[in-house]
Amino acid sequence: MSVELNHTIVHSRSNRESAEFLAQILGLAVGAEWGPFIPVSTSNGVTLDFATIPDGSITMQHYAFLVSDEEFDAAFARIQRAGITYYADPHMKQVGEINHHHGGRGLYFSDPSGHGMEIITRPYGFAS
């Protein structure tokens, strides 16, 4: 058996709000609540299990999602319609811009708990 990431727990102010936010942006489904978790599964089988914890206990994490060009267009349109601030860089200095790294497109935005979210159309190191 090869090693694969199966799931990760994402600390959030509100597990429901954060799960629904990400699912809506990425065009994914929110799964059924299981104990303290609200899951969102990606197409490669990785589940992000959102858990509510005290606000002061949340440490910002970074989550990057590889998407197709069509999925990028759809997510980008949802981000713009929702008025979510987005950036071309992880330091969040290039506001309102997207990047074209590795022959693709990418952008960064924050989720409701302050985690750094990234969508990219080409993996890092991809040679076009």
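Which residues does I25 touch, not counting residues up to four places away in sequence? Keep that in mind as you load the structure, which is a predicted model.

**Stop 1: I25 and its neighbours**

Select I25 and show its contacts. Leaving out residues up to four places away in sequence, I25 touches A75, R78, I79, I84 and F109.

**Stop 2: the nonpolar core**

Now widen the view to the largest nonpolar core, which has 24 residues. Colour I25, F65, I79, L107, F109 and I119, the members that touch the most other members. Two or more core residues come from each of these elements: helix 1 (15-26), helix 2 (69-81), strand 2 (37-41), strand 3 (47-52), strand 4 (62-66), strand 5 (106-110) and strand 6 (116-120). Helix 1 gives the largest share, six residues. As background, nonpolar side chains tend to be buried together in soluble globular proteins.

**Stop 3: along helix 2**

Next, select helix 2 and check its length. At 1.5 Å a residue, its 13 residues should span 18 Å, and the end C-alpha atoms are indeed 18 Å apart, so the two agree.

Then show the side chains of F72, A75, F76, R78 and I79, the buried residues of helix 2. Turn the view to look down the helix axis: these buried residues fall within an arc of 160°, so they line one face of the helix. In general, an α-helix has 3.6 residues a turn, so residues three or four places apart point the same way.

What do the buried residues of helix 2 pack against? Their partners are helix 1, strand 5 and strand 6. On the face turned away from the buried side, you will find the exposed residues E70 and R81. Step past the end of the helix to G83, which follows helix 2 and has a positive phi, near 70°.

**Stop 4: where the two helices meet**

Show helix 1 together with helix 2. Their axes come within 7 Å and cross at roughly 125°. An angle over 145 degrees would count as roughly antiparallel and 65 to 115 as roughly perpendicular, so helix 1 and helix 2 are oblique to each other. To see the contact itself, pick Q24, I25 and L26 in helix 1, which meet A75, R78 and I79 in helix 2.

**Stop 5: P112**

Finish in the loop between strand 5 and strand 6, where P112 is found. Is P112 buried, exposed or partly exposed? Its relative accessible area is 24%, so P112 is partly exposed. Now add R13, E17, S18 and F21, which P112 touches when residues up to four places away in sequence are not counted. For a distance to draw, try the C-alpha atoms of P112 and S14: they are 98 residues apart along the chain, yet separated by 8.4 Å.

Note on methods. Residues numbered from 1 in each chain as written. Predicted model: local features only at pLDDT ≥ 70, side-chain atom pairs only at ≥ 80, totals over all residues. Heavy atoms only, no water. Core = buried A, V, L, I, M, F, W, Y, C linked by side-chain atoms within 4.5 Å. Buried < 20%, exposed > 50% of the residue type's maximum accessible area, 1.4 Å probe, protein only. Helix = DSSP H or I, 4+ residues; strand = E, 2+ residues; numbered from the N terminus. Contact = heavy atoms within 4.5 Å. Expected span 1.5 Å × (residues − 1). Arc of directions from axis to C-beta. Axes fitted to C-alpha atoms, helices over the stretch in contact; angles between N-to-C directions. Parallel < 35°, antiparallel > 145°, perpendicular 65-115°, else oblique.
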